[in-house]
Structures are given as C-alpha cells and as structure tokens.
Amino acid sequence: MTVKLPAPVVLDGRVVRLEPLAPGHVPDLFLAASDEEIWRHRPEPTPRTEDDTRRLVDKLIADPRTTQFAVVFKETGQAIGSTGYWEVDGFDESVEIGSTWYGRAYWRTAVNTECKVLLLDHAFALGFVRVVLKTDIRNLRSQAAIERIGGVREGVLRRQYRRADGTWRDSPLYSILDDEWPAHRARLLAARK
C-alpha cells in the first residue's frame, strides 16, 4: 500500500521551526537565497529578484507531488531556507526529503541536523518505512551531510535531470529505514548536547 504524502504541519525544534511554505515567506527567503553557491547544484537558477523567489515558492506550493516547508530560524523568526517531502514513485510506504537549501550563514550549523531529525521523526511516526534523500554528484558537502545523519548510499541515478547551466545531473540516492533511524537519531541528539 502506498502511503499518502504528509499533510502540511508545523514541526518545532530547539533551533528551527518548519512551517508550511507560504507566500509570506518570500521576502525572507529572497534575502537568504541571493548567494549563487546555494544554487550551484540545483536545477533552478539563482533567484535574482523577489519576484523570482515568489515564482519558485508558488511553483513548489502548487506542486501536488510535494509538501514544502519554510525553515524558520527561531532566534530571529526569519525564514532562512526551505525543505520538504516528495513522493517516491515505485516504492510503497516511502517518502523523499528534498529541495533542501539554507542561506550560507546556516551551513555547518545545527540547522540541517535539526531539520532532518524533525522530518525523519515525523515521516516514521506517520508510518513510512523508508525515507529517500538525493543530491548532486558534485555536491560533496551534501553527500557528507546525508551520510552523517545515517543515509545509506544505494546507487546513482544517472542523468536524472539538467542543471540550470544545461549540464546533466547525476544524483546519488540514499535511504534511511524506519528500523535504522532510532540508533541514528540517538547518536545525532547525543552529539548536539
């Protein structure tokens, strides 16, 4: 049986709050998204204007294959990035975490780990048995982050789609299973103390 995509909810952590992505997040997201390095490995071009960011947000909100969240940094109350759940074709009771990006100031901070813990906890509590994560083959930083949270590399999807610059993206595919997650979760939470 295929499990339905998670409904939009608020997921609250110590450092971040994940809120259903909404047009009201656009001004903050535009400020966070202006760094070209964020978009180097993504299919979308760097948003150059607030209208570019609005179009990206509107596209994500309208896509029935995803439930997207704004990542709100609790200390400031500002949206600093986005992440979400995606459907996984061909696998029962699986969901993907993807379209994740943060402003560069939040790289290598507690933000990504906490976002993943919130999303993984929620997905497994809903009955998913497998969570998928993918990234660009060139994005070694992202691959290391996925492996650090417990992602097991299953293979590489070759020529999955074109990047914004027209080159083909190969995507390493990772997964975390429901029975693997408790040990990874405990390790991650112990490390943040």
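# A guided tour of the chain

Begin with the whole chain in cartoon view: from one end of the sequence to the other, its elements follow the order β-β-α-α-α-β-β-β-α-β-α-β-β-α. The radius of gyration is 16 Å, close to the 16 Å that the globule rule gives for 193 residues, so the chain is as compact as a globular protein of that length. The model is a predicted one. In total, the chain has six helices and eight strands.

**Whole chain.** With the C-alpha trace displayed, the extent along the principal axes is about 45 × 40 × 30 Å. Switching to a surface representation shows an accessible area of about 9,900 Å², with 53% of that area belonging to carbon and sulfur atoms. Of the 193 residues, 47% count as buried. Among contacts between residues at least 6 apart in sequence, 62% join residues at least 24 apart.

**Residues 16-174.** Select this span next. An unreviewed UniProt entry lists it as "domain: N-acetyltransferase". Helix accounts for 31% of the span and strand for 35%, and the C-alpha atoms at its two ends lie 24 Å apart.

**Strands E7 and E8.** Now select residues 152-162 (E7) and residues 168-177 (E8), which pair in the antiparallel sense over seven bridges. At Val152, the residue standing opposite is Ser175 in E8. Five residues separate the two strands of this hairpin, and Gly166 takes a positive phi near 95 degrees.

**Aromatic pairs.** The structure holds three aromatic pairs, and the tour visits two of them. Show the side chains of Phe69 and Tyr85: their ring centres are 5.9 Å apart and their planes stand at 75 degrees; because an angle over 60 degrees counts as edge-to-face, the pair falls in that class. Phe69 belongs to strand E3 (residues 66-73) and Tyr85 to strand E4 (residues 78-87), so the pair ties together parts that are 16 residues apart in sequence. Phe69 is buried, with a relative accessible area of 0%, and Tyr85 is likewise buried at 0%.

Then move to Phe73 and Tyr106. The centres of these rings lie 5.0 Å apart and the planes meet at 55 degrees, so the pair is tilted. This pair links distant parts of the chain, 33 residues apart: Phe73 lies in strand E3, whereas Tyr106 lies in the loop between strand E5 (94-102) and helix H4 (110-125). Both Phe73 and Tyr106 are buried.

Methods: Residues are numbered from 1 along each chain as its sequence is written. This is a predicted model: local features need pLDDT of at least 70, side-chain atom pairs count only at pLDDT 80 or more; totals for chains, interfaces and linings use all residues. Side-chain values use heavy atoms; hydrogens and water are left out. UniProt positions are given in the numbering used here, feature names are shortened, and annotations may be inferred rather than shown by experiment. Helices (H or I, at least four residues) and strands (E, at least two) are DSSP runs, numbered from the N terminus. Two strands pair if DSSP finds at least two bridges between them. The radius of gyration is taken over C-alpha atoms; the globule rule is 2.2 Å times the number of residues to the power 0.38. Buried means under 20% relative accessible area, exposed over 50%, partly exposed in between (1.4 Å probe, protein chains only). Contact means heavy atoms within 4.5 Å. Accessible areas come from the Shrake-Rupley method with a 1.4 Å probe; for residues, only the protein chains shown count as cover. Rings of Phe, Tyr and Trp (its six-membered ring) pair if their centres lie within 6.5 Å; planes under 30 degrees apart count as stacked, over 60 as edge-to-face and the rest as tilted.
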